[in-house]
Amino acid sequence: MCPRGWRNISSGKVSISKARKKQEKKDRRERKLDSRKKALEIAKLVGGKKAEGVVILNISKLSSVSDYLLVCSGLSERQVQTMASAVEEGLKAKGKRPLGVEGKEMGKWVLMDYGDVVVHLFHEPVRARYDIEGLWVDAPPLPIKDEKKKAG
């Protein structure tokens with residue numbers, strides 16, 4: 001039996017076909033779109049819990065680990081915990097589960113890893129101290145539509 005993507009011919013193995021390469025490229029594009037939608041959905045979920053300073057950074061060209069970073073803050077540790085719960089419940093309803101969640105119990109800095117989107121939820125004083133956005137200064141921000149402006 002041949003490894004996936006290879007096919008046997010009398011002269012030996014031949015590399016992946018052009019059609020398969022084209023399909024893989026299309027799949028990567030679709031995953032990237034899904035990542036964008038997921039990041040915007042998370043922004044909507046934390047916005048519903050009155051998150052402050054929501055920023056989505058596109059790090060896809062700077063990191064192989066993830067496509068987007070979402071950074072926001074809350075005015076209290078309890079608010080940060082509530083935002084984390086809202087993200088977990090909201091994405092769970094859509095069939096998305098985090099690979100890992102750290103810091104939810106303390107509520108100072110919650111890190112949520114959804115693979116293609118990494119979420120940093122900070123208590124405001126902690127956000128200022130660590131300056132995640134400063135570490136990713138070369139990452140372009142993803143515009144977030146403000147629903148309140150549309151209504152007004």
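## Close-up views of a sheet and its ring cluster

**View 1. Meet Trp 109, a partly exposed residue.** In this predicted model, Trp 109 has a relative accessible area of 29%, which places the residue between the buried limit of under 20% and the exposed limit of over 50%. Trp 109 is a good starting point for the views below, as its ring is part of a cluster with Phe 122 and Tyr 130.

**View 2. The sheet is open and has five strands.** Reading across, the strands come in the order β3-β4-β7-β6-β5, and their pairing is mixed. Look for β3 (52-58) and β5 (100-102) at the edges, where each pairs on one side only. On average, neighbouring strands of this sheet are turned by 10 degrees against each other, direction ignored.

**View 3. Strands β3 and β4 run antiparallel.** Here you can follow the five bridges that join β3 to β4 (residues 68-74). To find one of the partners, start at Glu 52: its bridge partner in β4 is Ser 73.

**View 4. Helix α2 packs on the sheet.** This helix spans residues 77-92 and touches β4, β5, β6 (109-113) and β7 (117-123). The direction of α2 makes about 160 degrees with that of β7.

**View 5. Trp 109 and Phe 122 form a tilted aromatic pair.** The structure holds two aromatic pairs, and in this one the rings are 4.8 Å apart, centre to centre, with 35 degrees between the planes. Because Trp 109 lies in strand β6 and Phe 122 in strand β7, the pair ties together parts that are 13 residues apart in sequence. Is Phe 122 buried or exposed? Its relative accessibility is 0%, so Phe 122 counts as buried.

**View 6. Trp 109 also pairs with Tyr 130.** The centres of these two rings lie 4.7 Å apart and their planes meet at 45 degrees, so this pair is tilted. Tyr 130 belongs to helix α3 (residues 124-130) while Trp 109 sits in strand β6, so the pair ties together parts that are 21 residues apart in sequence. Tyr 130 is partly exposed, with a relative accessible area of 39%.

**View 7. Three rings make a cluster.** Which residues do the ring pairs link? They are Trp 109, Phe 122 and Tyr 130. Within the cluster, Phe 122 is buried, whereas Trp 109 and Tyr 130 are partly exposed.

How values were computed. Residues numbered from 1 in each chain as written. Predicted model: local features only at pLDDT ≥ 70, side-chain atom pairs only at ≥ 80, totals over all residues. Heavy atoms only, no water. Pairing = 2+ DSSP bridges. Helix = DSSP H or I, 4+ residues; strand = E, 2+ residues; numbered from the N terminus. Axes fitted to C-alpha atoms, helices over the stretch in contact; angles between N-to-C directions. Contact = heavy atoms within 4.5 Å. Phe/Tyr/Trp six-rings, centres within 6.5 Å; stacked < 30°, edge-to-face > 60°. Buried < 20%, exposed > 50% of the residue type's maximum accessible area, 1.4 Å probe, protein only.
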